[in-house]
Amino acid sequence: MRGKFITFEGIDGAGKSTHIPWLAERIAARLPAGAKVVSTREPGGTPLGEDLRQLLLHRKMHLETEALLMFAARREHIAEVIEPALARGDWVLSDRFTDATFAYQGGGRGLPTARLEVLEAWVQAGLQPDLTLLFDVPLETAAERLAGAREPDKFEAESRAFFARTRDEYLRRAHQSPARFRIVDATRSIEAIRAELEQILATL
Ligand code: TMP
């Protein structure tokens, strides 16, 4: 049986990365013998994708170059990691996927959505996550969580207005595809969020 594809999204500082290893363990415990959880991330997830990640997070580049490199890394990720894993019956958990490109390059930077839709159709050829968990927090909360963290990368150093547009685009995407998305109120305690994630897991 084909595995399931779950993606995790949210603006920087929403706290999604705290929950992924925990959820991966919970899912692994429920899978049939022989199937496993593959935890991965974007940009990245393959040796080439991780090289592209370094460029994307630290080098200045034209907005369209940035969007194209995100999708180039994604093409490799789908071919090398995501599709083979799903075909084997493994479950794939990806820390970000295409919704991030719509939110950051589309919402944040203002690249027309129509351009991204062309790339999405090309690169994914119909592949969509079975479930997308959108960790949502107000901008103030995200900024507080980021403050004092490691040296900010190119995106983390963006303005409040950038993150406002990014968050709005995430929420627009979520409302557009309610069957795929679950919006998780990530202002709550880790325990409260875990309880909700357990409930969502039970529906899969
Ligand atoms: P991370 O810090 O959550 O690993 O994500 C890396 C950064 O890359 C984050 O600031 C969001 C950004 N990003 C995009 O701008 N577009 C994309 O398509 C993806 C996958 C990530």
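Around the ligand sit 14 residues, each with a heavy atom within 4 Å of it, and the closest are Asp 12, Arg 53, Arg 96, Thr 101 and Gln 105. Keep in mind that this is a predicted model: local features need pLDDT of at least 70 and side-chain atom pairs count only at pLDDT 80 or more, while totals for chains, interfaces and linings use all residues. Residues are numbered from 1 along each chain as its sequence is written, and side-chain values use heavy atoms, with hydrogens and water left out.

**Who touches the ligand**

- Thr 101 has a side-chain N or O atom 2.6 Å from a ligand oxygen; a polar contact here is a pair of N or O atoms within 3.5 Å.
- The side chain of Lys 16 brings an N or O atom to 3.0 Å from an oxygen of the ligand, and for Arg 74 the value is 3.2 Å.
- The protein covers 95% of the 480 Å² of accessible area the ligand has on its own (Shrake-Rupley method, 1.4 Å probe).

**The shell and the pocket**

- Sort the shell by class and you get six nonpolar, two polar and six charged residues; Ala, Val, Leu, Ile, Met, Phe, Trp, Tyr, Cys and Pro count as nonpolar, Asp, Glu, Lys and Arg as charged, and the others, Gly among them, as polar.
- The ligand sits in the largest pocket, meaning that more than half of its atoms lie within 2 Å of the pocket's grid points.
- A pocket is an open set of points on a 1 Å grid over the protein atoms alone, where a 1.4 Å probe fits, with protein on both sides within 12 Å along at least five of seven lines; lining residues have an atom within 4 Å of a point.
- Helices H2 (47-58), H3 (63-88) and H4 (98-108) each give two or more residues to the shell, and H4 has the largest share, with four. Helices are DSSP runs of H or I with at least four residues, strands are E runs of at least two, and both are numbered from the N terminus.

**What UniProt says**

- An unreviewed UniProt entry annotates Gly 10, Ile 11, Asp 12, Gly 13, Ala 14, Gly 15, Lys 16 and Ser 17 as "binding site"; such annotations may be inferred rather than shown by experiment.
- From that set, Ile 11, Asp 12, Gly 13, Ala 14, Gly 15, Lys 16 and Ser 17 are in the lining of the largest pocket.
- Ile 11 belongs to the loop between strand S1 (5-9) and helix H1 (16-30).

**Backbone oddities**

- Glu 42 to Pro 43 is a cis peptide bond, omega near -15°, with Pro 43 in the loop between strand S2 (37-41) and H2.
- Arg 96, in the loop between strand S3 (91-95) and H4, has a positive phi, near 80°, despite not being glycine.

Definitions and conventions:
A polar contact is a pair of N or O atoms within 3.5 Å; within protein, one must be able to donate a hydrogen and the other to accept it, and residues adjacent in sequence count only if both atoms are side-chain atoms.
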